[in-house]
Amino acid sequence: MTKIPEHHPSADLEGLIGYNLKRAYVTVSDDFRRALKHDNLSPRLFSALALVKEHPGLSQSALARQLGIERSGIVAMIDELEGRGYVIRKPVPQDRRRQALQLTLAGEEAYKIALGKVQAHEARLLGGLDAGQREALISILQKIRYQKT
């Protein structure tokens with residue numbers, strides 16, 4: 001039986017952007033989850049808190065679009081955040097079907113603490129990159145995210 005070297009599974013794979021993006025995602029995601037393990041915040045819940053903080057009154061539908069998930073999936077996320085006391089839903093007077101989301105004081109505090117941990121997690125993982133390299137990486141990833149297919 002052939003043993004595959006741990007860090008070089010295949011020259012073909014190592015030369016593929018998609019493979020490297022996926023492997024980097026797994027590394028970042030695993031460390032993110034460890035960093036916020038005690039806060040019990042997944043990347044999606046953290047992102048939801050960040051977006052509601054940045055855009056008070058954001059609708060559940062708009063939040064689902066921003067996160068790239070189905071509107072039906074957002075309900076469970078908001079239920080969880082509301083159950084923790086981090087967000088509240090407020091009816092929109094002009095449209096009773098819409099719910100505007102707002103962070104509570106507990107949600108703002110939880111987000112502030114989590115953001116510090118996420119920033120420390122990124123500093124730990126990306127410590128080998130200088131500021132210019134980090135900016136270039138973010139720029140490249142954003143170009144990929146926003147290109148039309």
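**Exercise 1. Find the helix that holds Leu 141, classify the exposure of this residue, and then describe the nonpolar patch around it.**

Step 1. Leu 141 has a relative accessible area of 33%, so it is partly exposed (buried means under 20% relative accessible area, exposed over 50%, partly exposed in between; 1.4 Å probe, protein chains only). The model is a predicted one, in which local features need pLDDT of at least 70, side-chain atom pairs count only at pLDDT 80 or more, and totals for chains, interfaces and linings use all residues. Residues are numbered from 1 along each chain as its sequence is written, and side-chain values use heavy atoms, with hydrogens and water left out.

Step 2. Leu 141 sits in helix α7 (helices are DSSP runs of H or I, at least four residues, numbered from the N terminus).

Step 3. Together with Ile 17, Leu 21, Leu 129, Leu 137, Ile 140 and Ile 144, Leu 141 makes a nonpolar surface patch of about 570 Å². Such a patch joins nonpolar side chains (Val, Leu, Ile, Met, Phe, Trp, Tyr) within 5 Å, from residues with over 30% relative accessible area and no salt bridge. Accessible areas come from the Shrake-Rupley method with a 1.4 Å probe; for residues, only the protein chains shown count as cover.

Step 4. Helix α7 gives the largest share of the patch, four residues, and α2 and α7 each supply at least two.

**Exercise 2. Work out which salt bridges Asp 31 forms with Arg 34 and Arg 124, and how they are placed.**

Step 1. A salt bridge is a side-chain nitrogen of Lys or Arg within 4 Å of a carboxyl oxygen of Asp or Glu. The whole structure has seven of them.

Step 2. Arg 34 meets Asp 31 at 3.5 Å, N to O. Both residues lie in helix α2 (residues 17-35), three residues apart, which means about one helical turn separates them.

Step 3. Asp 31 is buried at 8% relative accessibility, whereas Arg 34 is exposed at 53%.

Step 4. Arg 124 also bridges to Asp 31, with the closest N and O atoms 2.7 Å apart. This pair links distant parts of the chain, 93 residues apart: Arg 124 in helix α6 (residues 105-125) and Asp 31 in helix α2.

**Exercise 3. Place the salt bridge between Arg 134 and Glu 122.**

Step 1. The N to O distance in this pair is 3.8 Å.

Step 2. Arg 134 belongs to helix α7 (residues 131-146) and Glu 122 to helix α6, so the bridge ties together parts 12 residues apart in sequence.

Step 3. Arg 134 is partly exposed at 28%, and Glu 122 is partly exposed at 35%.

Step 4. Back to Exercise 2 for a last look: shared partners join Asp 31, Arg 34 and Arg 124 into one salt-bridge network.

Note on methods. Patch = residues over 30% accessible without salt bridge, like charges linked within 9 Å, V, L, I, M, F, W, Y side chains within 5 Å.
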